[in-house]
Amino acid sequence: MAQTHVRVFLERFVKPLVAGGELHVGAPIPIADVERWDTELDAATVELVAVDEARTNVLSTLVVRPPSLVLEADDLQLAAGLHNALFLVHPRAELWSVSDRQRRRIIDNALTLVSQPLTRERKRVMGRHALLHNLFHLARRDTTVSWWTGRARFQGQAPSKRLTAWRGIRRVREEHTDVGFEELFAVDETKPIIATLLRRTPLTMLLDSQPGAPQLHWEDAVFVLRDAELARAVAYALVPATSPSEQVREPSRLAAAFEQMLERAPDEADVRAVAAFLVHLCALFALAEITMREPNAKSPLISTVLASEAAGQRPRGLQTLLALPGALALVDPRLSVPPGMGSIPALAQRWKVHRAQAAELLSEPVIDALAQRLRRHLRPAQAIAV
Amino acid sequence: MALEHVAQGQTRFFTPGVAPDPRGILLGRSCLMTFPTLEGAVSWLRLYASEASLDELMSGLAITKARTALGSREILIQIPAVSSYAADRAARLARLVGGAMYTGTSKHFVKYRDDRSPYGYDAIDIGTMPASTDFMVHGDEFTQGYVHEGDLPFDRLLFRLSVRKIPGADRLSPEDRADLFLAVAHGLSDGIIRYLWRNRVEAQAGLFNPRTTSAFDDHARDRGYMLIRVRNLPERILQLFLGTPGIDVFKPAGASAAVAVGYEHPIDLASCQSVFAAETFHVFWPGDRVDQLPGPLALSDIGDLTRVDMELDKPRFPAEHSGGAPNPIGVELRLAAAMGPPRRVVATLIPVAHASRLKRILFALPPVSLRGHRIAVTDRGVLVVGTENLDVIPLGQLLCELTPGLLVPLGMDVVPRVSPEVLARALGHATGIITVFTPEGAPFQIPESAFTTLERRALAKLEPDRAGVEDLAAEPGDEARVINDAVGRFALWGFPDAADRKLLPPSGGGETK
C-alpha cells in the first residue's frame with residue numbers, strides 16, 4: 001500500500017478542520033505514519049503555511065496580535081487522533097467484518113495520539129484552540145436513498161449514481177440528515193477520545209460547548225483567566241447580544257463547572273480567580289442595560305431567566321451564577337463587586353438593581369447555601385490581609 | 001353601557017379600529033373631543049397652540065357641529081392620533097376646558113385613557129348603530145350618537161376670532177423689538193423712511209394693497225399702505241410710532257402673519273403656519289380687520305429709497321478705464337470655529353496610523369458598548385460612525401452632523417454659512433453618501449454601503465503597528481463537514497497495536513511548558 005504523504009493529510013483534513021470545508025476521513029492512521037509525517041513537514045511548506053494562516057485568521061478575533069504559529073508534531077498527532085476517532089463512525093468501521101478487537105485497536109491508537117502533554121503556554125494553548133476550534137461544529141450529512149424496491153443509507157458519502165438513476169420510473173427519493181457533535185463524538189467509542197482531546201485545548205472548552213460534550217474542568221482552564229487579554233476575549237464571546245436565554249447559556253455552563261470544582265479540592269487562588277471571572281460576567285449583564293430609560297427599573301434579563309414559570313427550563317448553573325455575587329458578599333466582599341464598578345454610576349446603579357432582583361427571585365437560602373460551600377475554600381478576608 | 005379597562009399587553013379589543021401603541025395604550029387613528037360650546041373648542045385650540053404645534057394635527061383636524069338624538073348641539077374636534085403623548089396632552093387640555101376625549105377610527109369612539117385605566121378603555125358591548133346616527137362615542141356610563149350638522153373649517157374660525165388687547169403688551173423687550181413691521185399711511189412714508197435712515201435703523205419697505213374678493217370694493221386701493229420691516233427698533237422710536245396716528249406697529253407671528261403690537265390673537269399663530277397659504281402674508285389689525293398681502297413680502301432697503309438730489313445742469317461724464325474679463329464668482333468653502341452651541345458627536349475620523357490603537361480599544365471593550373457603531377476604512381482614515389456613546393473611542397477627530405450624512409469636525413462650521421441643503425447640493429451630497437470635512441485637505445465622500453458593523457472581526461486582519469492596510473474584514477470560515485472516503489476492503493489489514501496500553505497520563509502531570 002502506498003504511503004500517504006503529510007501534505008495530503010494537511011490539505012484534505014487539517015486545513016478544512018481549521019478553515020472549514022470538506023474533511024476527508026480515510027483509513028485509520030497508524031502512529032508510525034504520524035511520526036514519519038513529522039519528518040515530512042519540511043516538504044509540505046505550501047500546505048503548512050496555508051494551515052498556519054488559517055489558524056492565525058481564527059485567532060485574529062481573539063487577540064490583538066496573534067502569535068506566529070508553526071504546526072508541530074503534537075498538533076499533527078492531535079489532528080491524527082481526531083481523524084482516527086472520526087473513522088470509528090465511518091461506515092467502513094461498522095461492517096460485520098470489523099471485529100471488536102480491531103475497533104479496540106483503533107481506539108487505543110487514537111487515545112495514544114491525543115494523549116499529548118497538557119500545556120499552559122500561551123502560544124501553544126492558542127495554537128491548539130485554532131486547530132480544534134471547529135470541533136464542536138463538525139457535521140456530517142447523511143443521505144438516505146429510497147427507491148421502489150429498497151433503500152440505502154450513506155453516511156457522509158455521496159450515493160452512487162446507479163442508485164439515483166431514472167428517478168421518475170424507479171421513484172427515487174433522497175432524504176438528507178445532518179448529524180452533529182452528539183452523534184459523532186458523544187457515542188461510547190469516541191467519547192473518551194474526545195474528552196482526552198478537549199482537555200488538551202482548554203481555551204476551546206472555555207469558548208464553546210455542545211450538548212453531550214464533556215464538562216469543563218476549571219482546574220485545567222483557570223490559567224487562561226490570568227491572561228487578561230484571553231480572559232477578556234472569553235468573557236465577551238460568552239455573553240452575546242442576543243436573547244436573554246442565549247446570553248446566560250454559556251456563563252451558566254461555566255458556573256455549573258464551578259459548582260463541580262467546589263466539590264473537589266481546588267487551590268484557593270483558582271477558586272478566587274474563577275469566582276471573580278463569573279462576577280465579571282454578571283457585570284457584563286448589567287453593562288448591557290445602562291442605557292435603559294429607567295435606571296431603577298427591574299432587569300428584563302433577570303426577570304426572564306429567573307421567571308418562576310420557566311423554572312424547569314433554567315440551564316444548569318444559572319442559579320449559582322446569579323447567586324454568586326450575593327454569596328461572595330457574605331464570604332469575601334472584595335470579590336463580590338468587579339473592580340472599577342463605582343467609576344461608572346449608571347453601571348453601579350444597574351448592578352445594585354440586578355443584585356436586589358436576583359436575591360428576591362432566588363431567595364436567601366440559595367445564596368446562603370452557596371456561601372457555605374464557598375467558605376470551605378476561601379479563607380476569611382482578614383486572614384489574607386495579614 | 002360597559003367599558004372595560006385595557007390590560008397591559010392586551011392586543012385584542014371589541015372596539016373596531018383601535019390597537020395598542022408601542023406603550024400599550026389603546027389608540028385609534030383619530031381622537032375626538034366633545035365640547036358643549038364653541039368657546040370650549042376655541043379654548044382647547046388656544047391652550048394646545050400655546051403648548052405644542054397645531055401644524056402636526058392640521059392634516060386631520062376637523063371641527064364639526066353635531067346634534068344628539070335629544071336635539072342638543074355640541075362642537076366636536078377631531079384630530080389625528082399622532083402618538084399617545086400628543087393624545088395625552090389633548091386629553092388633559094380637553095378636561096381642563098370641560099370637554100371629554102375619545103379615540104377611534106371611523107364610527108365608534110371609546111373613552112381615552114385616564115388615571116383609573118392607564119392603558120385606556122375598551123367598549124365591550126358595541127351594538128348596531130342606528131341608521132340616523134353618523135358616529136357614536138362610548139363613555140363610562142353612556143353611549144351617545146351624533147348626527148353631523150356642519151363643518152367649521154379651522155382657517156375660517158381663525159380669521160373670525162378677534163385679536164385682544166393685552167395690558168402692558170406694548171412695552172417690548174429688546175428681543176421682541178428685533179423684528180417689527182410698520183404700516184405707514186401713504187402721506188407719511190417719505191418722512192418715516194428719512195427718519196429711520198437718519199437714525200440708522202436697518203429697514204426694508206414696500207407698498208401693498210390688501211387683496212379684495214369683492215368687485216364692488218372700489219376703495220381697496222385707498223386702504224393701501226407702506227409696510228416697513230425694521231430691525232432692532234429703539235424703544236424711544238417704538239413709543240413714538242405707537243403714539244403717532246397713521247403709523248401702526250406689528251409684531252411677526254411666524255413667517256406668514258403679523259399681529260398689532262399690544263394685541264394678541266387667541267390662538268398662537270406661529271403654531272399653525274400651515275393654515276396660511278404660502279403666497280400670502282396676513283396682517284391682523286385691531287378691530288377684527290385682517291389684511292391679506294401678497295407674500296413672501298418683496299421689500300427694498302430704505303437706503304435706496306431716500307431722496308436723491310440731482311444737478312442736471314452740471315453733467316459729469318465718467319472717465320473711461322480699460323478692464324479685463326470679469327472674474328468668475330466662486331466662494332471657497334473652508335472650516336471656521338463654530339459660533340453656536342456644540343452639536344452632538346456622531347462620528348470620529350481616526351488617522352490610519354492610529355488604527356492599531358483603535359484595534360486595541362476595540363478588543364478591550366465589551367461588545368455591548370459598541371452596539372450601533374459602524375466602521376469604514378479609507379485611505380483618508382478610519383471613519384467610525386455611531387448612534388450614541390461615541391465617547392468610548394477616545395481617538396481621532398470627533399465629527400458632528402451638519403445635516404444627515406454631512407460631517408464636520410466638532411466645534412467647526414463650514415463658511416460661508418449657507419443652508420445645509422445648498423451645501424449638500426454644491427458638494428453632490430445625497431442620501432446613501434457620507435461626506436466628511438476634515439481640518440486638513442479637501443472633504444471626501446464614502447458610500448454608506450462601505451460601512452460594516454464595528455466588531456472584532458472588522459479589524460481582525462489589521463497588523464498592529466503597520467500602516468497601509470485597507471481590506472480589513474475577516475471572512476467567516478466555511479462549515480467544516482466530514483466526508484467519509486472509500487477505504488477499500490483491506491483498510492485495517494496490518495493496523496498495529498498502540499505502543500502503550502497505559503493511555504491517559506495522570507491528571508496534572510506531564511505538562512509542556
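## Strand β2 and its partners in chain A

In this predicted model, A:Ser146 has A:Arg173 as its bridge partner, the latter sitting in β4(A). That pair belongs to the antiparallel pairing of β2(A) with β4 (residues 173–179) of chain A, which is held by seven bridges.

β2(A) also pairs with β3 (residues 150–155) of chain A, again antiparallel, this time through six bridges. Here A:Thr144 is matched with A:Arg153 in β3(A). Getting from β2(A) to β3(A) takes a hairpin with two residues in between.

## Across to chain B

β2(A) has a partner in the other chain too: β32 (residues 480–484) of chain B, with two bridges and a parallel sense. If you want a residue to look for, A:Arg140 stands opposite B:Val482 in β32(B).

Stepping back to the whole interface, chain A puts in 54 residues and chain B 39. On the chain A side, several elements each give at least two residues, and β2 (139–147) is one of them, along with α1 (6–19), β1 (21–25), α2 (31–40), α5 (100–114), α13 (228–238) and α15. The largest share comes from α5(A), with six residues. Sorted by class, the side of chain A that touches chain B has 24 nonpolar, 19 polar and 11 charged residues.

## Where α15 meets α19

α15 turns up at the interface, but within chain A it also packs on another helix. α15 (residues 268–287) and α19 (residues 345–362) of chain A sit with their axes 9 Å apart and an angle of about 110° between them. That makes α15(A) roughly perpendicular to α19(A). The crossing of this pair, α15(A) and α19(A), is right-handed.

Which residues do the meeting? From α15(A) come A:Cys282, A:Ala283, A:Phe285, A:Ala286 and A:Leu287, and from α19(A) come A:Leu347, A:Arg350, A:Trp351 and A:His354. Broken down by class, the contact of α15(A) with α19(A) has seven nonpolar residues, one polar and one charged.

## How far to trust chain A

The mean pLDDT of chain A is 90, with 98% of its residues at 70 or more. Among the elements of chain A, helix α6 (residues 122–132) has the highest mean pLDDT, 95, and helix α21 (residues 381–385) the lowest, 48.

Residues 382–386 of chain A have pLDDT below 50, and beyond near neighbours in sequence this stretch has one contact in the model.

Conventions:
Residues are numbered from 1 along each chain as its sequence is written. Chains are lettered from A and ligands numbered from 1 in the order in which they are written. This is a predicted model: local features need pLDDT of at least 70, side-chain atom pairs count only at pLDDT 80 or more; totals for chains, interfaces and linings use all residues. Axes are lines fitted to C-alpha atoms, for helices over the stretch in contact, and angles run from 0 to 180 degrees between N-to-C directions. Helices (H or I, at least four residues) and strands (E, at least two) are DSSP runs, numbered from the N terminus. Angles under 35 degrees count as roughly parallel, over 145 as roughly antiparallel, 65 to 115 as roughly perpendicular and the rest as oblique. A crossing is left-handed if the near helix is turned anticlockwise from the far one by less than a right angle, and right-handed if clockwise. Two residues are in contact if their C-beta atoms, placed from the backbone, lie within 7 Å. Ala, Val, Leu, Ile, Met, Phe, Trp, Tyr, Cys and Pro count as nonpolar, Asp, Glu, Lys and Arg as charged, and the others, Gly among them, as polar. Two strands pair if DSSP finds at least two bridges between them. pLDDT is the predictor's confidence in each residue, from 0 to 100.
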